[in-house]
Structures are given as structure tokens and as C-alpha cells.
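Subject: Structure handover and contact notes

Dear colleague,

I am passing on the structure below, together with notes on what turned up when its contacts and backbone were examined. Please read the notes with the model open beside them.

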Amino acid sequence: MRDTVAQYLYIAAGLLFVFAIKWMTAPTTARRGVLAGEAGMLLAVVGTFVRPEITQYTWIVVGLMAGAAIGVPLAAFVPMTAMPQRTALSHAFGAAAATLVGVAEYILRQPHLDRFTMVVLSFEVLLGGLTVTGSLMAFAKLQGLIQGRPVTYRGQNIVNLSVLAIALTGIVWLAIDPSAAAVFAVVVVAAVVFGVLLIVPIGGADMPTVIALLNSYAGLSSVAMGFALDNKVLEIAGALDGSSGFILAVVMCRAMNRNFRNILFGAFGQVSASSKDAQADDRPVRSGNSIDGAAILDGARLVVIVPGYGMAVAQAQHKVRELSDALERNGSEVRFAIHPVAGRMPGHMNVLLAEADVPYDRMVELAEANDLLSRADVAIVIGANDVTNPAARTEPGSPVYGMPILDVDRAGSVLVIKRSMASGFAGIGNDLYHLPNTTMLFGDAKQVVGSLVSDLGENG
Ligand code: NAP
């Protein structure tokens, strides 16, 4: 009876997870998606509590309390700008749980392990183990605890593939002889070492994509755990996690014009020798103040606002909303152009603008935005850099070459709000700042946008 109830709860949880992913694909339904995911997780936990093999709850409650003690402060206090590394840390915890369950099951089930379960457990600890250390390394790189640049050496791929080969050979060995505990230990150690080696050659620029990929590995590890424990909800949730993480990584690669082979083996993040150094560029730039900016905006029919990472750093989204309101009061039509990798995580700009109550129908995606930009009177670039860099179209040697960008340089006038001539994430200069139709408004985004709002008000 208890088992039947658990299975029904698992099916309900699985359905909620599917709907959660579906709803999270659009900003209008995303909140519902999050709630569905949370409800699904609650049902999955309750379903596990009622299973007949759970006979005492003390350690489960201790575990729940320990998890909440870590999770609640992480959710409450980590700033939006640190979200990629926070996600990496969560993956590390999830994968550590899967790995530890795999090791515990191996010990508990000896000496009656069948081949199928042995292979499944081996893949669980392989994927789980490499995700733990890989995610911790990604966290450390993004948090600046260790050097973010790629570290490469001769024969690196051979070393990495050898460690992976040791793990895979161990799995074959265990399939033949599941009692070889030392070999199981070797598989766990090889997985953990492989996780570190995998991330060492990858630069900070590719880290969010790698995190999506690690998410996928953690999901697949959970699928294996589901098979080992005969737990349907783990299989469903793991498969969803595994596939959605993989799809997200592919979408991000496309948006940055990168491919998987490069990310995993290419040491991206190194600045190419031919790319221009932002600081060393002594070509003239035209800079102005908020009064000049307001004058340029005065009378504009179509204004396209391009937010980027700097808006997130400055937490300027509410001021940006005020700017859009002020422009509309002045008779301008305003749209927000959202680049898929603006900021530091997928959907970063959508989340911030939604927080400031910018209506969803004002946000446009890349293709539509570029169409609007070619007709726009003014483009206002707020703390965005790489996603507007014309070198992506014109400079084959540039690290951003081929990346689809927002063509702000095609607007009648461009206002760029940033603090200095410093580069963005890719570490390269931006020709946009030297174009005759560009005016730089130097300063913190929140402050400059605030001044623009006041000056527009005075003009209006
Ligand atoms: P970006 O190229 O990193 O540039 C952000 C700019 O904001 C900087 O040049 C900086 O210039 C300015 N800034 C920083 N703090 C500011 C403040 N308080 N006020 C005003 N300006 C400020 O940002 P992006 O154009 O959004 O491009 C995102 C980059 O991240 C891309 O290279 C993308 O490939 C990469 N990336 C994104 C994702 C993702 O999922 N979104 C994932 C991986 C990689 P100053 O210092 O001069 O102010």
C-alpha cells in the first residue's frame, strides 16, 4: 500500500517536473514553472518518506536541516551577479549526493551485486565524481579563487583521455568481477581527478556553458542512481536534467559561436594575439554628459535599449525602467534588445528587467532587435560590451568573431553607458566606441541613467 502511494506521488512529481520545464521556457509562465518544480520536489520527498523501506527518519531530518541551513542562505544572500558560481556549487552538492549514494550502495549490496547494477553504479560514481570536482573548479574559477584563464600544457588531451580510459577500463573490470572493491575505488578516484583535469584548460568565458554541461552530467548520474535504487522519480528528473542541461549548453554555444569540441578541448578564453587591446587603443572617442545624452534622445521616435552585464553590476534595472518611462512620456517608442548571452547566465537580462516590471512585450530577441536597430534613431547601450562588438562581424582574428551580435552601430546614434574604456568578458577592445555616431557617457550605469531621467524630465 505504502509503495503504491509512493509510486503515484512519484508520477505526479514527474509530471510537475515536465510542466515546470515547459513553463520555464517563457517569461510569462516562468514563475508558474518554478512553483511547479518546487511542488514536484516536495511530492518526490514525501513519496520517498512513505516508502516501506524507510523505517526511521532521524538521519533524514538531520540531512534536511543541514541542507536547508546551507541552501536558504545561498538563495537569500548570493547576488544575481554571482549566480553562475552559485549554480556550480549546487551542482557540486547534488553530484556529491549521487556519488556517495553510489558508493554506499556498492558497499551495502556486496557480495550480491549483479552485473547490470554494477555497471549502473559505476556510471553513477563516474559521472557524479567528475561533476563534483568539475563544478567545484568552475566555482573557484568564476569566484576568482583560482586563476580563471585556461591552463594548457603539451599532451594535455592525452593525459585527460588516459585518466578517463582508466575509469572506463575499471568499469569493464567491475562488470566481469563486481567484488573487486579496489577497482571500484580506482574508478571513483579517476572520476574525481578527471573532473579537475576537464576544467583546467577551460577559460572563465566558457565556464557558464560548462556549468550547463556539468548540470547534464549530474542529471545522467541521477538517472543511473534511479536505475540502481529502482526509483522512477530519479530516473525522470535525471533524464530531464540531463537533456535540458545538454540543450542549454548547445544553445549557449550557438549564441557565442563556439562548438563543443572547442569548449572541452580548445582552451578558449585566451585572448588571440590579433585582437585589439582595449586599454592600448589611442583612437579618439567622443564623450558627453547626461545633458548631451538627453539632447540626443530628445525627439527620437524609436529608441532601443541594450542592457548588459554592467547593468546587473550596477543594479540599474529600476533606473532603466524609469528611463524607458521617461522616453515614452517624451513620445518615443522604446524596446529592449536582449542578447541570449548578455550578462553572465542565460536569461540574466530578462530576470533583471522583469524584476523592474518592464513589460515582456517590450523585450525583443536578437533577430527582431537587429531589424529594429537598423531603423532606430538611438540605441542606448547600458553596461553591454561584447554583445555589441562589431569585430564579431568584421575581424576574423577576434575571439568574438562569428558570434551573433546586436548591431547597435547601425542605429542613427549610439549612447554607450559604462565606467571606462575597459573591455568586457572577452577581454578585447570595441570599435563601436570610436565610431562617429557614438557618444560615451562614462560613469556607473545607475548614476548615469538616473541623471538621464532627470535631464529628459527637464527637457520634456
Ligand atoms: P561584457 O562584455 O562583459 O561587458 C560588460 C561591460 O559593463 C564592461 O565593459 C564594463 O565596462 C561595464 N560595466 C561593469 N560594471 C559597470 C557599472 N557599474 N556601470 C556601468 N558599466 C559597467 O557584457 P555583455 O555585453 O553583457 O556580454 C556578456 C559576455 O559574457 C559575453 O562575452 C558572453 O559571451 C559572456 N558570457 C555570457 C554568458 C551568459 O550566459 N550570459 C555565459 C558565458 C559567457 P567598464 O568596466 O568600463 O564599466
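A residue is called partly exposed when its relative accessible area falls between the two limits, buried being under 20% and exposed over 50%. By that rule Arg410 is partly exposed, because its relative accessible area is 47%. Please keep in mind throughout that this is a predicted model.

Salt bridges

Searching the whole structure gives 14 salt bridges, and I describe some of them here. Arg410 pairs through its side chain with Asp407, with 3.2 Å from N to O, and Asp407, at 10% relative accessibility, is buried, whereas Arg410 is partly exposed. This pair does not stand by itself, since salt bridges with shared partners connect Arg393, Asp407, Asp409 and Arg410 in one network.

A salt bridge at 3.2 Å, N to O, also joins the side chains of Asp377 and Arg301. The two residues belong to distant parts of the chain, 76 residues apart: Asp377 is in the loop between α15 (366–375) and β4 (378–382), and Arg301 is in the loop between α11 (290–297) and β1 (302–307). Asp377 has a relative accessible area of 21% and is therefore partly exposed, while Arg301 reaches 62% and counts as exposed.

The salt bridge between Glu322 and Lys319, whose closest N and O atoms are 3.4 Å apart, is instead set within one helix, as both residues lie in α13 (residues 317–329), three residues apart, or about one turn of the helix. Both ends are partly exposed, with a relative accessible area of 33% for Glu322 and 27% for Lys319.

Aromatic rings

The whole-structure search also returns four aromatic pairs. In one of them the rings of Phe49 and Tyr57 have centres 5.5 Å apart and planes at 75°, so the pair is classed as edge-to-face. Phe49 is partly exposed at a relative accessible area of 24%, and Tyr57 is also partly exposed, at 32%. Another pair, Phe116 with Phe227, is likewise edge-to-face, with 6.3 Å from centre to centre and 80° between the planes. Because Phe116 lies in helix α5 (residues 115–143) and Phe227 in helix α8 (residues 207–229), this pair ties together parts that are 111 residues apart in sequence. Phe116 counts as exposed at 52% relative accessibility, and Phe227, at 44%, counts as partly exposed.

Two arginines are placed over aromatic rings. Arg32 lies over the face of Trp23, at 5.0 Å from the ring centre, and the charged end of Arg344 sits over the ring of Tyr309, 3.6 Å from its centre.

The ligand

What surrounds the ligand? There are 30 residues around it, and the closest are Asn385, Asp386, Arg419, Ser420 and Asp444. Several contacts to oxygen atoms of the ligand can be listed individually. The side chain of Asp386 has an N or O atom 2.6 Å from a ligand oxygen atom, whereas Gly383 brings a backbone N or O atom to 3.1 Å from an oxygen atom of the ligand, and Val387 places a backbone N or O atom 3.4 Å from one. The ligand on its own has 910 Å² of accessible area, and the protein covers 96% of that.

Backbone details

Most residues other than glycine have a negative phi, and most peptide bonds are trans, so the following places may merit a look in your viewer. The peptide bond from Gln110 to Pro111 is cis, with omega near 0°, and Pro111 lies in the loop between α4 (83–109) and α5. Gln315 has a positive phi, near 50°; this residue is located in the loop between α12 (309–314) and α13, and its 34% relative accessibility makes it partly exposed. Asp357 has a positive phi as well, near 60°, and is found in the loop between α14 (348–355) and β3 (363–365), where it counts as exposed at 56% relative accessibility.

With best regards

Note on methods:
Residues numbered from 1 in each chain as written. Predicted model: local features only at pLDDT ≥ 70, side-chain atom pairs only at ≥ 80, totals over all residues. Heavy atoms only, no water. Salt bridge = Lys/Arg side-chain N within 4 Å of Asp/Glu carboxyl O. Helix = DSSP H or I, 4+ residues; strand = E, 2+ residues; numbered from the N terminus. Buried < 20%, exposed > 50% of the residue type's maximum accessible area, 1.4 Å probe, protein only. Phe/Tyr/Trp six-rings, centres within 6.5 Å; stacked < 30°, edge-to-face > 60°. Lys NZ or Arg CZ within 6 Å of the ring centre and 35° of its normal. Near = heavy atom within 4 Å. Polar contact = N/O pair within 3.5 Å; in protein donor to acceptor, adjacent residues only side chain to side chain. Areas by Shrake-Rupley, 256 points an atom, 1.4 Å probe, with all protein chains shown as cover.
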